[in-house]
Every structure is written in C-alpha cells, then in structure tokens.
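Visitor: I'm new to this one, so could you walk me through it?
Guide: Happy to. Let's put it up and take it piece by piece.

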Amino acid sequence: MQGDFREHIDCLRTVGADAVEVRTEAELDAVDGLIIPGGESTTIARLLIAFDLMEPLRRRIRAGMPTWGTCAGAIILARRVPGLDRPPLGVMDITVDRNAFGRQVDSFEADLDIEGVTGGPMRAVFIRAPVIREAGAGVTVMAALADGRIVACREGNIWATSFHPELTDDARLHGAFVALVQATLGEAVAAPSARPRRSAAAR
Ligand code: GLN
C-alpha cells in the first residue's frame with residue numbers, strides 16, 4: 001500500500017524467497033506469507049479500507065498465514081492503538097503507542113538480541129517508531145531495548161517489530177520469517193485438511 005515495500009522485497013529475495021507486491025485480494029490469495037511494511041499507519045489503514053482488504057487480511061491472518069508488521073505495519077496489526085484515526089486490523093493482542101520515541105529527529109539505531117536470530121545482535125533502525133506497550137498472555141517477546149521496552153514480539157504466526165529490518169544489509173530476520181513461512185507450508189502439506197491449497201480450492 002505504502003512505505004518500504006521495495007526494500008522488504010529486496011531483503012526477501014536476498015534470502016531466496018519469491019517476493020511480490022500485494023495490493024488486491026487476488027494478490028493476497030496468491031501468497032503464503034505477508035509483510036506489512038513501515039511507512040505511515042494512518043495512510044496504510046486508509047488504503048486498506050479503500051482497497052477492501054481489511055476483512056480478507058483478517059481472514060488470512062486468523063487462518064494462520066505468517067504475517068510480519070514492521071513499524072507502521074506493527075501498528076496496523078495491533079488490537080489497541082491509541083490515537084489511530086481508523087480501526088487497525090486488531091489481529092494481535094498488543095497495545096502499541098505510535099511515535100513513542102518522539103519525532104523524526106529522535107530516530108535512532110540500537111543493537112538488539114532477537115529471539116530466533118543467531119550470530120550476534122542485529123543493528124535496528126528506529127524511525128518515528130512505535131513501542132509495544134502491552135503484550136497479552138499469548139504474546140512472546142522477541143526483543144526489548146535495554147530499558148525493557150518491547151520492540152519485537154510474536155503471537156502464533158504473527159510478528160510485530162518496531163524497527164525497520166529492511167534498512168540494513170542484515171537480512172537474518174527476513175531469513176527467519178521465510179523459514180516460518182516454509183514451516184507453515186510444510187504443516188499444511190502434512191495435514192492437507194488444515195488449509196486447502198489454492199490450487200485445490202480453485203478446482
Ligand atoms: N510514525 C509512523 C506511524 O505512526 C510509523 C513510522 C514508521 O513506520 N517508520 O505510522
């Protein structure tokens with residue numbers, strides 16, 4: 001819809017994934033996982049409504065499609081977002097505070113140890129970033145700042161990160177996400193009744 005989708009696609013291709021842009025329900029139906037990029041959450045929310053994607057997205061995400069929201073994308077996934085002028089998707093049991101670190105000039109970088117990322121900390125870029133202020137019982141924290149503020153978490157197959165992993169050369173988190181997509185596809189193959197594949201459903 002808006003934001004850093006090109007950079008995410010580059011990172012996904014770097015780790016060997018077949019990555020495409022998604023703006024329509026048909027394009028959504030054709031993918032096995034989704035990244036909602038950083039950008040401007042108010043704009044993304046408006047465009048999702050204008051393109052009739054809110055309900056299709058909720059359906060796919062609730063059915064288990066691996067979905068990763070970064071920065072504005074994390075805001076869109078959250079159940080509670082004070083001050084957002086449109087309802088978010090609300091698929092993740094988190095409360096997210098927008099612009100929690102201040103204005104553009106307060107953007108910063110930090111080295112983060114992230115669950116599932118081996119080989120040392122990752123450099124994380126925060127740009128007018130949100131913070132995950134509350135995480136529900138089913139949510140696992142993947143990374144926090146030194147002061148304890150949560151900046152990455154997951155719930156089922158949904159990931160939310162406050163920062164922009166697509167703005168560095170380090171694609172390890174994208175690699176971990178693609179591994180989640182592959183593992184989820186493997187489960188669907190092992191239990192075909194769990195989620196019919198598109199080709200089967202189309203026949
Ligand atoms: N501040 C933006 C918002 O509220 C998010 C910024 C970003 O995605 N880098 O949507």
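Visitor: Is Asp32 buried, exposed or partly exposed?
Guide: First, some housekeeping: residues are numbered from 1 along each chain as its sequence is written. This is a predicted model, where local features need pLDDT of at least 70 and side-chain atom pairs count only at pLDDT 80 or more, while totals for chains, interfaces and linings use all residues. A residue is called buried if 20 or more other C-beta atoms (placed from the backbone) lie within 10 Å of its own, exposed if 12 or fewer, and partly exposed in between. Asp32 has 17 other C-beta atoms within 10 Å, so Asp32 is partly exposed.

Visitor: Which residues is Asp32 in contact with, beyond its neighbours within four places in sequence?
Guide: Asp32 sits in the loop between H2 and E1; such labels are DSSP runs numbered from the N terminus, with helices (H or I) of at least four residues and strands (E) of at least two. Contact means that two C-beta atoms, placed from the backbone, lie within 7 Å. Once those sequence neighbours are left aside, Asp32 is in contact with Val181 and Leu185.

Visitor: Which residues does Leu28 touch, not counting those up to four places away in sequence?
Guide: Leu28 is part of helix H2. It has 17 C-beta neighbours inside 10 Å, so Leu28 counts as partly exposed. With residues up to four places away left out, Leu28 touches Val22, Leu53, Pro56, Leu57 and Arg60.

Visitor: Which residues of helix H4 are on the other side from the buried ones?
Guide: H4 covers residues 54–62, and Leu57, Arg60 and Ile61 are buried there. Those three span an arc of only 95 degrees around the axis, so they sit on the same side of H4; the arc is taken from the directions from the helix axis to the C-beta atoms. On the other side, the exposed residues are Glu55, Arg59 and Arg62.

Visitor: What do the buried residues of H4 pack against?
Guide: Two helices and two strands come up here. The helices are H2 (25–29) and H3 (41–50). The strands are E2 (67–70) and E10 (158–161).

Visitor: How wide is the arc that holds the buried residues of H1?
Guide: In H1 (residues 5–14), the buried residues are Phe5, His8, Cys11 and Leu12. An α-helix has 3.6 residues a turn, so residues three or four places apart point the same way. Among what covers the buried residues of H1 are strand E1 (34–36) and helix H6 (172–190). Those buried residues line one face of the helix, because they fall within an arc of 120 degrees.

Visitor: Which helix gives the most to the largest nonpolar core?
Guide: A nonpolar core is a set of buried Ala, Val, Leu, Ile, Met, Phe, Trp, Tyr and Cys residues joined through C-beta atoms within 7 Å. The largest one has 48 residues, and Ile76, Leu77, Ala78 and Ala160 touch the most other members. The helix giving the most, with five residues, is H5 (residues 72–77).

Visitor: How many of the residues of strand E9 are buried?
Guide: E9 runs from 150 to 155. It is joined to E8 (residues 140–144) by four bridges, antiparallel, and it also pairs with E10 in the antiparallel sense over four bridges; pairing takes at least two bridges found by DSSP. E9 is largely enclosed by the rest of the structure, because the buried count is five of the six.

Visitor: What is the bridge partner of Arg154 in E10?
Guide: E9 and E10 make a hairpin with two residues between the strands, where Gly156 takes a positive phi near 60 degrees. Over in the E8 pairing, Val141 is partnered with Cys153 of E9. For Arg154, the partner in E10 is Trp159.

Visitor: What is the phi of Asn99 near?
Guide: Asn99 lies in the loop between strand E4 (92–97) and strand E5 (108–112). It is one of the residues surrounding the ligand, a shell drawn from C-beta atoms, placed from the backbone, within 6 Å. Most residues other than glycine have a negative phi. The phi of Asn99 is positive, near 50 degrees.
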